[in-house]
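Welcome! Let us walk through this structure together, starting at the ligand and moving outward from there.

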Amino acid sequence: MTGKLKIWVSRPLFPDVLARLAEHFDVDAEAIERKHSPEQVREKLLGVDAALLGLADRVNAQTLEGNERLRVVANLGVGYNNLDMPALTRGGVLACNTPDVLNESVADYAWALMLAAARRVGAAERWLRAGQWSGGMRFDDWLGVDVHGKTLGILGMGRIGQAIARRATGFDMPVIYHNRSRLPEAVERESRAVYVDKASLLRQSDHLILVLPYSRESHHAVGAAELGLMKRSAVLVNVARGGIVDDAALAVALRERRLAAAALDVFEGEPAVHPDLLDLDNVVLSPHIASASEDTRRAMAGLAADNVLAALGFGPRAGRPPTALNPEVMARWPAGGPR
Ligand code: 8YV
């Protein structure tokens with residue numbers, strides 16, 4: 001017994017971040033990436049004061065049942081649809097996420113996917129690697145759709161959406177967006193983005209990027225009906241969450257060329273990918289890596305650690321975790337630290 005608080009780190013993480021945590025905690029860090037069952041999450045959480053979690057680790061009333069010890073869960077991500085916030089708040093557990101530090105990297109990646117899908121980068125590379133170029137290429141082979149000068153649509157205009165919109169200037173693209181609530185005029189001006197209703201967004205976008213958070217309301221926000229409103233020449237990009245697009249319906253639209261192309265970084269039920277998507281050449285697929293630049297993943301891990309340390313009274317921000325989602329629970333903690 002060291003007397004130190006305990007933390008579970010559910011995914012392998014940068015050693016320097018683990019070392020920083022180890023100054024104050026007994027660290028139980030997973031050495032290999034693996035999926036944890038709800039029962040495994042529950043058991044791990046029962047024995048710790050804090051946890052640094054991946055987005056596949058769900059925390060809800062069941063996983064918190066009987067847990068008198070846990071104080072903080074820090075998500076390694078901005079999205080937190082894996083966390084049942086009412087259950088955490090009821091249980092007096094602080095939840096934190098990693099907003100802002102990933103905005104620009106995710107925006108870069110959304111553009112990378114849009115460009116790759118529109119200009120068929122993945123399919124052309126696969127064709128080249130397969131040695132097919134030596135068989136000759138026609139002048140009208142590999143025609144894609146232009147990006148510059150086309151209308152960029154954004155569904156979900158939070159901070160990442162705004163970062164995506166700002167990049168459109170260099171491509172001379174008019175930007176339209178739809179969001180639960182319209183942005184203040186100054187933000188619209190800065191993003192050069194015009195608010196439209198959802199149906200107009202679907203109808204008018206040449207390239208549509210999805211960056212809205214996942215919730216019951218946004219489940220299948222783009223399904224067969226919505227895909228039916230889009231231009232046949234349009235490109236759809238999902239860097240938000242699996243389940244926002246109906247992947248089965250998308251595969252049908254892509255196969256029937258009712259949509260030119262798509263690019264997906266996130267999938268319903270990932271890491272499983274709908275098998276029909278795997279057979280299509282007009283979709284770019286990547287394994288949920290939009291935030292995965294060296295700098296950004298380090299910043300995310302650092303911020304998650306900052307949150308845990310500060311919440312439990314360590315470091316320069318002791319008592320003031322930088323990006324807490326339900327800071328009000330801290331007022332209910334008994335004075336003098338963790339239980
Ligand atoms: C993941 C993300 O966190 O921040 C989010 O919500 O979806 C990503 O940045 C990251 O891919 C690790 O799973």
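For sorting residues into classes, Ala, Val, Leu, Ile, Met, Phe, Trp, Tyr, Cys and Pro count as nonpolar, Asp, Glu, Lys and Arg as charged, and the others, Gly among them, as polar. With that in hand, look at the ligand in this predicted model. The shell around the ligand holds five nonpolar, four polar and three charged residues. You can find them at Arg11, Leu55, Leu76, Gly77, Val78, Gly79, Leu102, Arg241, His288, Ser291, Arg297 and Met300.

Some of these residues reach the ligand's oxygen atoms with their side chains. In Arg241, an N or O atom of the side chain is 2.7 Å from an oxygen atom of the ligand. Ser291 also places a polar side-chain atom 2.7 Å from a ligand oxygen. For Arg11, the distance between a side-chain N or O atom and an oxygen atom of the ligand is 3.1 Å. On its own the ligand has 330 Å² of accessible area, and the protein covers 89% of that.

Now let us turn to the charged pairs. The count of salt bridges comes to 21. One of them joins Glu188 to Arg182, with the closest N and O atoms 2.8 Å apart. The two partners sit in contrasting surroundings: Glu188 is buried, at 8% relative accessible area, while Arg182 is exposed, at 53%.

Another pair is Lys231 and Asp206, where the closest N and O atoms are 2.8 Å apart. Lys231 belongs to the loop between helix 10 and strand 10 (235-238), and Asp206 to the loop between helix 9 (198-204) and strand 9, so this salt bridge ties together parts that are 25 residues apart in sequence. Lys231 is partly exposed, with a relative accessibility of 30%, whereas Asp206 is buried at 12%.

Arg255 and Asp276 make a salt bridge as well, their closest N and O atoms being 3.6 Å apart. Here Arg255 lies in helix 11 (residues 247-255) and Asp276 in helix 12, so to speak distant parts of the chain, 21 residues apart, that the pair links. Both partners are partly exposed: Arg255 has a relative accessible area of 43%, and Asp276 has 29%. Elsewhere, salt bridges connect Asp28, Glu30, Arg34 and Lys44 into a network.

The backbone has a few details to look for too. Between Glu270 and Pro271 the peptide bond is cis, with omega near 15 degrees. Pro271 is part of the loop between strand 11 (261-264) and helix 12 (275-278).

Which residues other than glycine have a positive phi? Asp172 is one of them, with a phi of about 50 degrees. Its place is the loop between helix 7 (159-166) and strand 7 (175-178), and Asp172 is exposed, at 61% relative accessible area. His220 is another, with phi near 55 degrees. You will find His220 in the loop between strand 9 (207-210) and helix 10 (224-229), and at 26% relative accessibility His220 is partly exposed.

Finally, take a look at the surface. Leu128, Trp133 and Met137 form a nonpolar patch there, and together they have about 330 Å² of accessible area. Within this patch, Trp133 is located in the loop between helix 6 (121-129) and strand 6 (152-155).

Conventions. Residues numbered from 1 in each chain as written. Predicted model: local features only at pLDDT ≥ 70, side-chain atom pairs only at ≥ 80, totals over all residues. Heavy atoms only, no water. Patch = residues over 30% accessible without salt bridge, like charges linked within 9 Å, V, L, I, M, F, W, Y side chains within 5 Å. Areas by Shrake-Rupley, 256 points an atom, 1.4 Å probe, with all protein chains shown as cover. Salt bridge = Lys/Arg side-chain N within 4 Å of Asp/Glu carboxyl O. Helix = DSSP H or I, 4+ residues; strand = E, 2+ residues; numbered from the N terminus. Buried < 20%, exposed > 50% of the residue type's maximum accessible area, 1.4 Å probe, protein only. Near = heavy atom within 4 Å. Polar contact = N/O pair within 3.5 Å; in protein donor to acceptor, adjacent residues only side chain to side chain.
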